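Q: I should like a close look at one part of this model, with attention to how its helices are packed. Please set the answer in the context of the whole chain.
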Amino acid sequence: MSHSITVEIDQGSGFCFGVTTAIKKAEEELAAGKKLYCLGDIVHNGMEVERLHERGLITINHEQLQELHDAKVLLRAHGEPPETYATAQHNHIEIIDATCPVVLALQRRIKKQYDSHPDAQIVIFGKNGHAEVLGLVGQTNGKAIVIEKFEDAAKLDFTHDIYLYSQTTKSLDEFHRIIDYIQAHISKDATFRSFDTICRQVANRMPNIAAFASLHDVILFVSGKKSSNGKVLFSECRSVNPNSHLIESAEEIRMEWLEGVHTVGICGATSTPKWLMEECRDYIYNKVKGEH
């Protein structure tokens, strides 16, 4: 493979604002030598979680939180339901709240809606069991209905009021299809209102990443397997450029993908650290240099 190859990292990829803030808060605490727990993986990226574990961050789950007393716990960008805060107060746990401001605003809107009209159907377009969605459903005493995909909208009761919200990282197109479907089926005696609560930092990545994918011979999309926004963005890349590969780290790069290739684009999810994309770029350059 003795030809020259150019590797470009997508400037629009990498941590979103909420994740950047959460990681900065964790690093500040750890740098001060304090013992810090994090409820759930701080970000859906194994490599970044590992890096922070090496600095002393301890990841715990909700069961472990129940047993924890007099400690410091970081809540990550995804947000948490009210019972987490209640547990923390009960167990004298100091909370460092890194809930993303976009998610926080959405939690408050849903809670306000639920408190003022508890009999209506509050519907959340999102992934069941996803951390952010659990925090949103928690604002409604567990009553909100979660729909994961367009087809699920048919299961709603169209004779009752519907208030529709979206997990912040879902696809705008699908959300609008769901809105159209409900509008077409809602009974004339029921109220239907939808609130576009999709984060623009994430939504704007779709057209941007598609444009980036079309500029290169091969695309390496770096993302953790758990990242839901990674899945969405990767399929967008692949629809524009069939030579797109999903990888978690540089070790997964297969040099045969790059045979006869002139330009490689490296991009990632809102949970993909910049250093990981840079590692992938350096890996390719070192391999190519080694073959000369």
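In which sense does α2 pass α11, in a left-handed or a right-handed crossing?

A: The model is a predicted one, and in it α2 passes α11 in a right-handed crossing. The geometry of this pair can be set out further. Helix α2 covers residues 46-54 and helix α11 covers residues 274-291, and the two pack at an angle of about 110 degrees with their axes 9 Å apart. Angles of 65 to 115 degrees count as roughly perpendicular, and α2 and α11 are therefore placed in that class. On the α2 side, the residues that meet α11 are M47, E48 and R51; on the α11 side, they are W275, L276 and E279. Sorted by class, this contact holds three nonpolar and three charged residues, with no polar residue.

Helix α2 also packs against α1. Helix α1 spans residues 17-31, and its angle to α2 is about 20 degrees, with 11 Å between the axes. Because angles under 35 degrees count as roughly parallel, α1 and α2 are described as roughly parallel to each other. The crossing of α1 and α2 is left-handed. From α1, the contact is made by I23, E27 and L30, and from α2 by E48, R51 and L52. By class, the contact of α1 with α2 has three nonpolar residues, three charged residues and no polar ones. E48 and R51 of α2 thus have a part in the contact with α1 and also in the contact with α11.

G46 lies in helix α2 as well. Its relative accessibility is 45%, so G46 counts as partly exposed. The C-alpha atoms of G46 and V102 are separated by 24 Å, with the two positions 56 residues apart along the chain.

A further helix pair can be set beside these two. Helix α9, residues 205-213, packs with helix α10, residues 228-240, at an angle of about 40 degrees, and their axes are 9 Å apart. That angle makes α9 oblique to α10. The crossing in which α9 passes α10 is right-handed. R205, M206, I209, A210 and A213 in α9 meet V232, L233, E236, C237 and V240 in α10. The residues of the contact of α9 with α10 comprise eight nonpolar and two charged, with no polar residue among them.

Several loop residues complete the local picture. G79 is placed in the loop between β4 (72-75) and α4 (82-90). At 1% relative accessibility, G79 counts as buried, because residues under 20% fall in that class. Apart from neighbours within four places in sequence, G79 is in contact with T99, V103, Q107 and A131. The C-alpha atoms of G79 and L104 are separated by 7.0 Å, although these positions lie 25 residues apart along the chain.

The loop that leads from α3 (62-67) to β4 contains D70. Phi of D70 is near 50 degrees, which is a positive value in a residue other than glycine. With a relative accessible area of 61%, D70 is exposed. H92 is found in the loop between α4 and β5 (94-97). H92 is not a glycine, yet it has a positive phi of about 55 degrees. Its relative accessible area is 58%, and H92 is therefore exposed.

These parts belong to a protein with 11 helices and 12 strands. The C-alpha atoms of the protein fill a box of roughly 70 × 55 × 25 Å, taken along the principal axes. Of the 292 residues in the protein, 52% are buried. Among contacts between residues at least 6 apart in sequence, 72% join residues at least 24 apart. The protein exposes about 13900 Å², and carbon and sulfur atoms supply 50% of this area.

To return to the request, α2 is roughly perpendicular to α11 and passes α11 in a right-handed crossing, whereas α2 is roughly parallel to α1 and the crossing with α1 is left-handed.

Notes: Residues numbered from 1 in each chain as written. Predicted model: local features only at pLDDT ≥ 70, side-chain atom pairs only at ≥ 80, totals over all residues. Heavy atoms only, no water. Axes fitted to C-alpha atoms, helices over the stretch in contact; angles between N-to-C directions. Helix = DSSP H or I, 4+ residues; strand = E, 2+ residues; numbered from the N terminus. Parallel < 35°, antiparallel > 145°, perpendicular 65-115°, else oblique. Left-handed = near helix turned anticlockwise from the far one by under 90°. Contact = heavy atoms within 4.5 Å. Nonpolar A, V, L, I, M, F, W, Y, C, P; charged D, E, K, R; others polar. Buried < 20%, exposed > 50% of the residue type's maximum accessible area, 1.4 Å probe, protein only. Areas by Shrake-Rupley, 256 points an atom, 1.4 Å probe, with all protein chains shown as cover.
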